[in-house]
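Here is a short tour of the charged side-chain pairs in this protein. Have the structure open beside you and follow along pair by pair.

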Amino acid sequence: MSQEKGNNSFDNHDANERAGDDASLAALDISATSSIDDDILDTFYDRKHLQSVMMAALDYIDERIKEGLTLPYFVDIDPELWQEKSKVLDIYITDEIEGQALNLEARGKDYATNILSYPSDLPAAIIELMPTLPLGELVICHGVIVREAAEQEKTTAQHISHLLIHGVLHLLGFDHELGQAEQDEMERFEIEILAGLSLPNPYA
């Protein structure tokens, strides 16, 4: 177990420093089903690192907004208000049994998938009154992620970082299943955000 921790744990000092600086800009609530033990959470789901990845994605999107990008799920929110508000993200770590049940309920697909996104879907008028801006919830199936990382010959940490970015983009309304143009756009965003974190292109 200690060897696995050495290969996959998040020990990026700069990322952790940055997460501390950005703590006022983003809040992360991480919870897990009872079958996911503390060792898994400590090894793979370090809060500071996940927060730094989340902020890298949001910072990137902020720059694209300045260039005219609109967020499909937040099109009614004034861009300046979007950038000013602290963002809140919930992450729930689950196992393959619950993951399969949730995927069946949400998407009608009877297998566990790597990540599910549940956008906050709040009206603009409500968001304007709230002190923070809820993005929604991401459900991560740990067993699927570990298996996929091995199959793709990458570390579990790299795969989690990629899927967190992928999930955040889904919560903003980007959807690779709408067509080739949407897929290309979303993949380009992911590649560029990961590059900013010195992580490789997951599609190469």
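A search of the whole structure, which is a predicted model, turns up three salt bridges. Here they are side by side:

| Acidic residue | Basic residue | N to O distance |
|---|---|---|
| Glu63 | Lys66 | 3.2 Å |
| Glu67 | Arg64 | 3.0 Å |
| Glu96 | Arg147 | 3.2 Å |

Let's begin with Glu63 and Lys66, whose side chains meet at 3.2 Å, N to O. Both sit in helix 4 (residues 47-66), three residues apart, so about one helical turn separates them. How accessible are the two partners? Glu63 is partly exposed, with a relative accessible area of 37%, while Lys66 reaches 60% and counts as exposed.

Next comes the bridge between Glu67 and Arg64, at 3.0 Å from N to O. Is Arg64 buried or exposed? Arg64 has a relative accessible area of 18%, and because the cut-off for buried is under 20%, Arg64 is classed as buried. Glu67, in contrast, is exposed, with 59% relative accessibility.

The last pair is Glu96 with Arg147, joined at 3.2 Å, N to O. This salt bridge links distant parts of the chain, with the two residues 51 apart. Which helices does the pair connect? Glu96 belongs to helix 6 (residues 96-107), and Arg147 to helix 8 (residues 142-151). On the accessibility scale, Glu96 is partly exposed at 33%, and Arg147 is likewise partly exposed, at 37%.

Definitions and conventions. Residues are numbered from 1 along each chain as its sequence is written. This is a predicted model: local features need pLDDT of at least 70, side-chain atom pairs count only at pLDDT 80 or more; totals for chains, interfaces and linings use all residues. Side-chain values use heavy atoms; hydrogens and water are left out. A salt bridge is a side-chain nitrogen of Lys or Arg within 4 Å of a carboxyl oxygen of Asp or Glu. Helices (H or I, at least four residues) and strands (E, at least two) are DSSP runs, numbered from the N terminus. Buried means under 20% relative accessible area, exposed over 50%, partly exposed in between (1.4 Å probe, protein chains only).
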